[in-house]
Amino acid sequence: MNADAVVLDVDGVLVDVADSYRRAILESIERVYDRTIRKEDIQQFKNAGGFNNDWLLTDAAALYVIATSEGYDESIDEYTDRIAAEGGGVAAAEAVVRDAIGARANQRVHDRWDREHLRDVFQQLYLGTDLYRTIEGGEPELQTRGFIHDEPVLLEESTRERLTERYDVGILTGRPENEAGIALEQVGLEATLPLDHRFTMDDWEEGKPHPKALTTLAERFDAHTVVFVGDTLDDVRTAANADEADPDRTYHGVGVLTGGLTGVDGRRTFDEDGASMVLESINELPGVLE
């Protein structure tokens, strides 16, 4: 692909978050509402788009759980399909529920939908007691070790060295800055990547698949061809949107099968959404580029 810059997502690319972020989604809803979705349902939201931020995914999944107790009777597959048709994200989820149940039921749903509490429980579960005090600045109600400590590294040392020696490397993630820094430290990139080579949740409002962050990194690198590697369809769509928004450069969206999209079905889903290439893991990337 003749790339001169490589931009990497974090979750599902550099570290495995199946037992951290994704577990926090399920258990946050369970603790607040005594019911939750299935683990495999999370990918349905990711595919619908607009849920790169797992707090927002938690909100939309909790909305579904509450709505089903107030007369919403569609399956979660139908729910997420309708969200995708509405453009993705939490606003679309709200519209889907609002259109399906009466005004009074919808009001009862919103009265119970406590997004601030969901986020707080999520952070307590994910960060654990000590990191919650440090990052969130409060005293947690739950005493937990933190799911953040259950994130196996996917990026091999040799891959990291080959990429950083040959290319400008950037990070584009939906994580908050502090949590991104923890992951980058874990994979050995924290000390080598300048802050202006990173985009986190704290650096932009739009979120993926908006192209702003990716095109900004390309400008900072003065790159002609940029490869963006991610584990979701929104990552691939970010590259496609950047390619359209910035005709002076070429952008390639590369999917990896180490996140929610896996195996033959995951490869097919990436291909159908326009991925330039699909890899088993980030560790195949240097060989492909070279």
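Me: Where's the cut-off between buried and partly exposed, and which class does arginine 237 land in?
Reply: Buried means under 20% relative accessible area, exposed means over 50%, and partly exposed is what sits in between. This is a predicted model, and in it arginine 237 comes out at 23% relative accessibility. That puts arginine 237 in the class called partly exposed.

Me: Which residue does arginine 237 form a salt bridge with?
Reply: Arginine 237 sits in helix H11, while its partner is in the loop between helix H12 (263-272) and E6, so the pair ties together parts 36 residues apart in sequence. The partner counts as partly exposed, at 28% relative accessibility. The closest N and O atoms are 2.9 Å apart, and the partner is aspartate 273.

Me: OK, and how many residues apart are glutamate 290 and arginine 166?
Reply: Their side chains meet in a salt bridge at 3.2 Å, N to O. Glutamate 290 is in the segment after helix H13 (285-289) and arginine 166 is in helix H8 (residues 157-166). So the pair links distant parts of the chain, and the separation is 124 residues.

Me: On to the sheet: what's the strand order?
Reply: It's an open sheet of six strands with parallel pairing. E3 and strand E6 (277-279) are the edge strands, each pairing on one side only. Three bridges join E5 to E6, and one partner pair there is glycine 255 with valine 278 of E6. Reading across, the order is E3-E2-E1-E4-E5-E6.

Me: What angle does the direction of H10 make with that of E2?
Reply: Helix H10 (residues 212-221) is mostly covered, with seven of its ten residues buried. Those buried residues, including Leu214, Leu217 and Phe221, pack against helix H11 (233-245) as well as strands such as E4 (225-230). H10 packs on the sheet, touching E1, E2, E3, E4 and E5, and its direction makes an angle with that of E2 of about 160°.

Me: Why does the largest nonpolar core lie between domain 1 and domain 2, and which helix gives the most to it?
Reply: The core has 70 residues, and those with the most contacts inside it include Phe45, Ile83 and Val229. Domain 1 (5-16 + 152-287) and domain 2 (18-147) both give residues to this core, so it lies between them. With ten residues, the helix that gives the most is H3 (residues 54-68).

Notes:
Residues are numbered from 1 along each chain as its sequence is written. This is a predicted model: local features need pLDDT of at least 70, side-chain atom pairs count only at pLDDT 80 or more; totals for chains, interfaces and linings use all residues. Side-chain values use heavy atoms; hydrogens and water are left out. Buried means under 20% relative accessible area, exposed over 50%, partly exposed in between (1.4 Å probe, protein chains only). Helices (H or I, at least four residues) and strands (E, at least two) are DSSP runs, numbered from the N terminus. Contact means heavy atoms within 4.5 Å. A nonpolar core is a set of buried Ala, Val, Leu, Ile, Met, Phe, Trp, Tyr and Cys residues joined through side-chain atoms within 4.5 Å. Domain bounds come from an automatic or database domain assignment. Two strands pair if DSSP finds at least two bridges between them. Axes are lines fitted to C-alpha atoms, for helices over the stretch in contact, and angles run from 0 to 180 degrees between N-to-C directions. A salt bridge is a side-chain nitrogen of Lys or Arg within 4 Å of a carboxyl oxygen of Asp or Glu.
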